[in-house]
Amino acid sequence: MRGRHFLESRIEIDEARLRALDPSLDLDAVRAGLAMIPVVCAGGAAAGELGELPQRGRFRWLVAPRSTMIQASPVHTGRTTDPPETLRRLFECLVRPVSARHT
């Protein structure tokens, strides 16, 4: 199977859970940092210099464990014939709390 040029992210913040971990957390800073991830995935001028990188370069930048505040999980390889649907399904199963799932 040839590579499908797909780079997308989904983000959902559970503010109550974050506040339970750290009541003094700067949620605006967390939101701002996380909001850039989909922008970098999309590329283009909105992502600044990162948006000029080819998709592979943007992916490498996104998964690099540099941030002290936002940590991405380890990268796992996989294959699918429908990347958007697979992302949706994995997000529902692995990220979204059971109480918030749209089944």
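Start by selecting Ala47, which in this predicted model sits in the loop that connects H2 and H3. With a relative accessibility of 7%, Ala47 counts as buried, because the cut-off for that class is under 20%. If you display its surroundings and set aside the neighbours within four places in sequence, the residues in contact with Ala47 are Met36, Val39 and Val40. Then draw a distance from the C-alpha atom of Ala47 to that of Arg58, eleven residues away along the chain, and the separation is 9.9 Å.

**The two helices on either side of the loop**

Next, select residues 27-42, which form helix H2, together with residues 55-63, which form helix H3. Two packed helices are described by the angle between their axes and the distance between those axes. For H2 and H3 the angle is about 160 degrees, and the axes lie 9 Å apart. H2 is therefore roughly antiparallel to H3, since angles over 145 degrees fall in that class.

Which residues in H2 meet which residues in H3? On the H2 side, show Ile37, Val40, Cys41 and Ala42, and on the H3 side show Arg58, Trp61 and Leu62. Sorted by class, this contact of H2 with H3 has six nonpolar residues, one charged residue and no polar residues. Two residues from the opening stop return in this setting: Val40, which is in contact with Ala47, and Arg58, whose C-alpha atom was the far end of the distance drawn from Ala47.

**From H1 to H2**

Now select Glu15 and Arg31, which form a salt bridge whose closest N and O atoms are 2.7 Å apart. Glu15 belongs to helix H1 and Arg31 to helix H2, so the pair ties together parts of the chain that are 16 residues apart in sequence. Are the partners of this bridge buried or partly exposed? Glu15 is partly exposed, with a relative accessible area of 35%, and Arg31 is likewise partly exposed, at 31%.

**A network around Arg96**

Move on to Arg96, and display its side chain with those of Glu12 and Glu92. Between Arg96 and Glu12 there is a salt bridge in which the closest N and O atoms are 2.5 Å apart. Arg96 lies in the segment after helix H4 (83-94), while Glu12 lies in the segment before helix H1 (15-21), so this bridge ties together parts that are 84 residues apart in sequence. A further salt bridge joins Glu92 to Arg96, and here the closest N and O atoms are 2.4 Å apart. Through shared partners, salt bridges join Glu12, Glu92 and Arg96 into one network.

Colouring by relative accessibility separates the members of this network into two classes. Arg96 counts as buried at 13%, and Glu92 also counts as buried, at 10%, whereas Glu12, at 36%, counts as partly exposed. In total, the structure holds five salt bridges.

**Along helix H4**

Stay in this region and select Phe91, a residue of helix H4 that is buried, with a relative accessible area of 6%. Beyond its neighbours within four places in sequence, Phe91 is in contact with Arg10, Ile11, Glu12 and Arg96, and two of these names, Glu12 and Arg96, belong to the salt-bridge network just visited. A C-alpha to C-alpha distance from Phe91 to Arg10 reads 7.2 Å, although the two are 81 residues apart in sequence.

Then select Leu87, also placed in helix H4. Apart from its neighbours within four places in sequence, Leu87 is in contact with Phe6, Glu8, Ser9 and Arg10. Between the C-alpha atoms of Leu87 and Ser9 the distance is 7.9 Å, with their positions 78 residues apart in sequence.

**Zooming out**

Finally, show the whole chain, which has four helices and zero strands, running α-α-α-α from the N terminus on. Of its 103 residues, 18% count as buried. Among the contacts with a separation of 6 or more, 53% come from residues 24 or more positions apart. Colour by pLDDT to end the tour: the chain averages 86, and 85% of the residues score at least 70. Confidence has a mean of 93 in H2, where it is highest, and of 90 in H3, where it is lowest.

Conventions
Residues numbered from 1 in each chain as written. Predicted model: local features only at pLDDT ≥ 70, side-chain atom pairs only at ≥ 80, totals over all residues. Heavy atoms only, no water. Axes fitted to C-alpha atoms, helices over the stretch in contact; angles between N-to-C directions. Parallel < 35°, antiparallel > 145°, perpendicular 65-115°, else oblique. Contact = heavy atoms within 4.5 Å. Nonpolar A, V, L, I, M, F, W, Y, C, P; charged D, E, K, R; others polar. Buried < 20%, exposed > 50% of the residue type's maximum accessible area, 1.4 Å probe, protein only. pLDDT = per-residue confidence, 0-100. Salt bridge = Lys/Arg side-chain N within 4 Å of Asp/Glu carboxyl O.
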